[in-house]
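Student: Please take a close look at the salt bridges in this model, and then at one packed pair of helices.

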Amino acid sequence: MKNNIFEIHNNCLDFLLRWQANHKDFYFVPRKINNKNRLNKGMYFRGNENYLVLSFWNSSDSKEIIYNISWGCYADGSSYIDLSCRDNDNLVPYMKQIIEVIESKTDKHFDEAKVNKWRYFYNKEENYLQTLQDFIVNEKVWIDEYLLAHPEAGIPLADKEINEKYVKTLPGYKEYEKAANTAKKSGSVVVKPSEYIMKFQHNELSNEMVKYLMVNGYKNIKTEENYIDIQCMNQQGQKIFFELKTAKTVKMAIREAIGQLLEYNHYSGKEKADKLIIVTVNKLEKADENYLIELRNVYKMPIYYCQFDMEKKVLSKAF
């Protein structure tokens, strides 16, 4: 069964940050560049809508555009280990020796998927978080030992500097860190790191939305009243309920928001809104637009969608 790649990102981030909280000098490399706005969408590691890769070593194969050594996972939950040096023949003997170390200690066998690129696939029945833990407990330890003994290979371990520069600058990380420290002192359970990040993103989106509405002619703007994210009057005098979502896709946002908006607009028996608008930072797909049109035509629901561009600070038209 195909998993949601964003859920895999969230679960891997949660796992790694919790592991880090309990293991001194444990570091990993998250996505460094926010290309195609993927980091803001919740793709915390390299990859796309079909897979992700993460590493504990700060070096890459420029030809394959992946790490020299990585653990990866496809959207279907199948996971693997990659070693790649297609851009650097000098690394080949080191990679082969690392493979020899792993194969001598386990029953794993690496196949050469391409010239100077080797891969091991985990059993498809194994949960990807279990294989990630297995990799951290076993292969990572052996690879670290080998690379520390062979600095001439030029593959540095992820370190505190990487952590400060890329991990601790993730949206919402500071809030998570504060909660983690508080929980540690009190012995209580810490909420998932990804939930803190989502909350941070929601608050940031709300703040920018309010600023936009105030300077663009919207009146009677209220936030978080009767559980409604934002309610206001537009320039035409229509009452609007905005429901803000940090869901990774518009389809997911619509699914999460519809029940809430209908409850806010009908269950209370109070004055109804003329438009119920779902807002995320994501671009609307044609299938999403057609779905909303059908909801309006068939069920007469006044439900629309707007994208808020966090870079330009602009709200799109209602679709």
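Tutor: The salt bridges come before the helix pair in what follows.

The model is predicted, so local features need pLDDT of at least 70 and side-chain atom pairs count only at pLDDT 80 or more, while totals for chains, interfaces and linings use all residues. Residues are numbered from 1 along each chain as its sequence is written, and side-chain values use heavy atoms, with hydrogens and water left out.

A salt bridge is taken as a side-chain nitrogen of Lys or Arg within 4 Å of a carboxyl oxygen of Asp or Glu. The count under this rule is 13 salt bridges. One of them joins the side chains of R86 and E64, at 3.0 Å from N to O. This pair links distant parts of the chain, 22 residues apart: R86 is in the loop between β6 (79-84) and α3 (92-105), and E64 is in the loop between β3 (60-61) and β4 (66-67). Helices here are DSSP runs of H or I with at least four residues, strands are runs of E with at least two, and both are numbered from the N terminus. For accessibility, buried means under 20% relative accessible area, exposed means over 50%, and partly exposed lies in between (1.4 Å probe, protein chains only). R86 counts as partly exposed because its relative accessibility is 22%, whereas E64, with a relative accessible area of 16%, is buried. R86 and E64 also belong to a network of salt bridges that links them with K114 and K117.

Two further salt bridges lie within helices. K140 and D144 meet through their side chains at 2.7 Å, N to O. They are four residues apart in helix α4 (residues 128-149), so about one helical turn separates them. Both K140 and D144 are buried. In helix α7 (residues 193-215), E208 and K211 are three residues apart, about one turn of the helix. The closest N and O atoms of their salt bridge are 3.6 Å apart. E208 is buried, its relative accessible area being 15%.

Helix α4 also packs against another helix. The axes of α1 (residues 5-22) and α4 come within 11 Å and cross at roughly 35°; axes are lines fitted to C-alpha atoms, for helices over the stretch in contact, and angles run from 0 to 180 degrees between N-to-C directions. On the α1 side, the residues that meet α4 include I8, F15, L16 and W19, and on the α4 side they include L129, L132, I136 and V137, contact meaning heavy atoms within 4.5 Å.
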